[in-house]
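User: Please take a close look at the surroundings of the ligand in this model. Then follow the chain outward from there, and explain how the neighbouring parts are put together and which spots lie open.

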Amino acid sequence: MEQFYFEVPGPQRKADAIAFIREFREYGSEINGTGGLHRYLDDYAGWLEKLNADYIREPSEEKVPARTYFLVRQGDGRIIGMINIRLALNERLRRYGGHIGYSIRPTERGKGYNKINLYLGLKVCADHGIRQVLLDADLDNPASWRTMEALGGKRIREYFEDQHDHCMVVDYEIDVRRALEAHPEYEAYLAPEGSAPEAIG
Ligand SMILES: CC(C)(COP(=O)(O)OP(=O)(O)OC[C@H]1O[C@@H](n2cnc3c(N)ncnc32)[C@H](O)[C@@H]1OP(=O)(O)O)[C@@H](O)C(=O)NCCC(=O)NCCS
């Protein structure tokens, strides 16, 4: 069985990270949960500095602390996806955006990998004492909201969002402890702790 882990982005992943983002552009895909990587392709070191600043930031109405990870497949070391986890929410994120943004690279979609990505993300949330996770998705992005539902997400709101995406948006809430307890089957997809470089989870 393929196994996965979260990797904290480091300097050794520069070429892989750029190739990851190029693939989204090649396929004309939306990019989410990359901690802004797609805006730093010519300044990867600057992006790593930004991630450190993101992590230690004090929450404000402008910005909140966040962690960004690569989802890596252990067998071939490939970056499969990314996730950005907001460790606190301000009013703006509470209304739109929520705790988590994520993506899986276009050539690896439809294999259940984002469910593993979110499961690992929920474990990070639990480690940071986040009990209820808020997420949202465009209604016309079922792969995203089905991921949330697969991990016990409850749809709490459906509305027309007229400031950002100008489309129907669905809001979800996940009870972190309940979701992790209800889905032990995902543990089998996690690389054993200590078996991967810089692995978490
Ligand atoms: C959304 C995204 C992360 C899903 O990744 P993925 O690895 O393909 O998702 P999974 O294979 O884990 O599937 C998750 C669920 O969505 C369903 N799904 C996957 N692709 C689907 C599609 N094209 N249409 C409808 N449902 C789909 C799966 O069947 C699964 O639901 P199930 O457990 O009920 O069967 C990926 O499409 C992506 O990166 N999109 C661009 C970025 C983005 O939109 N991010 C989310 C912003 S809120």
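Analyst:
**The shell around the ligand**

The residues of the shell fall into three groups: seven are nonpolar, nine are polar and five are charged. The model is a predicted one. In it, 21 residues surround the ligand, and the closest of them are Ser103, Arg109, Asn114, Ala143 and Arg146. Three elements give two or more residues to this shell: strand E4 (100–104), helix H4 (113–127) and helix H5 (142–150). Helix H5 is the one that gives the most, with six residues. Two of the closest residues, Ala143 and Arg146, fall within the span of H5. Asn114 falls within the span of H4, and Ser103 within the span of E4.

Strand E4 can be taken next. Five of its five residues are buried. Ile100, Tyr102 and Ile104 point one way from the strand, while Gly101 and Ser103 point the other way. E4 pairs with strand E3 in the antiparallel sense, over five bridges. Within this pair, Ile83 stands opposite Tyr102.

The pairing continues from E3 to strand E2: these two are antiparallel over seven bridges. Asn84 in E3 is the bridge partner of Thr68. Five residues lie between the strands in the hairpin of E2 and E3, and Gly77 there takes a positive phi near 70°. E2 is also mostly covered, with seven of its eight residues buried. Strand E1 (residues 4–7) is joined to E2 by four bridges, and the two run antiparallel. Phe70 in E2 is the bridge partner of Glu7.

Gln74 is in the loop between E2 (66–73) and E3 (79–86). Gln74 is partly exposed because 17 other C-beta atoms lie within 10 Å, where 20 or more would make it buried and 12 or fewer exposed. Leaving out residues up to four places away in sequence, Gln74 touches Gln3, Phe4, Tyr5, Ala191 and Ala196. The C-alpha atom of Gln74 is separated by 10.0 Å from that of Tyr189, 115 residues apart along the chain.

Helix H4 leads from the ligand to the packing of the interior. The largest nonpolar core has 46 residues, and those with the most contacts inside it are Leu71, Leu122, Val133, Leu135 and Ile174. H4, one of the elements that give two or more residues to the ligand shell, gives the most to this core, with seven residues. Beyond neighbours within four places in sequence, Leu71 is in contact with Phe4, Phe6, Ile80, Gly81, Met82, Ile83, Asn117 and Leu120. Of these contacts, Asn117 and Leu120 fall within the span of H4.

Val133 and Leu135 of the core belong to strand E5 (132–138). This strand is mostly covered, as five of its seven residues are buried. Three strands form an open sheet in the order E5-E7-E6, with antiparallel pairing. Strand E5 and strand E6 (154–161) each have a single partner strand and stand at the edges, so one side of each has no neighbour in the sheet. From one strand to the next, the twist averages 20°.

Seven bridges link E5 and E7 in the antiparallel sense, and Val169 in E7 is the bridge partner of Asp138. E6 and strand E7 (residues 167–175) likewise pair in the antiparallel sense over seven bridges. Here Cys167 in E7 is the bridge partner of Glu161.

The loop between E6 and E7 holds His166. His166 has a positive phi of about 55° although it is not a glycine. His166 is exposed because it has 10 other C-beta atoms within 10 Å, under the limit of 12 or fewer.

A further open spot is Pro192, in the loop between helix H6 (176–182) and strand E8 (199–200). Pro192 is exposed, with 10 other C-beta atoms within 10 Å. The C-alpha atoms of Pro192 and Ala126 are separated by 18 Å, and the two residues are 66 residues apart along the chain.

How values were computed:
Residues numbered from 1 in each chain as written. Predicted model: local features only at pLDDT ≥ 70, side-chain atom pairs only at ≥ 80, totals over all residues. Pairing = 2+ DSSP bridges. Axes fitted to C-alpha atoms, helices over the stretch in contact; angles between N-to-C directions. Near = placed C-beta within 6 Å. Nonpolar A, V, L, I, M, F, W, Y, C, P; charged D, E, K, R; others polar. Core = buried A, V, L, I, M, F, W, Y, C linked by C-beta atoms within 7 Å. Contact = placed C-beta atoms within 7 Å.
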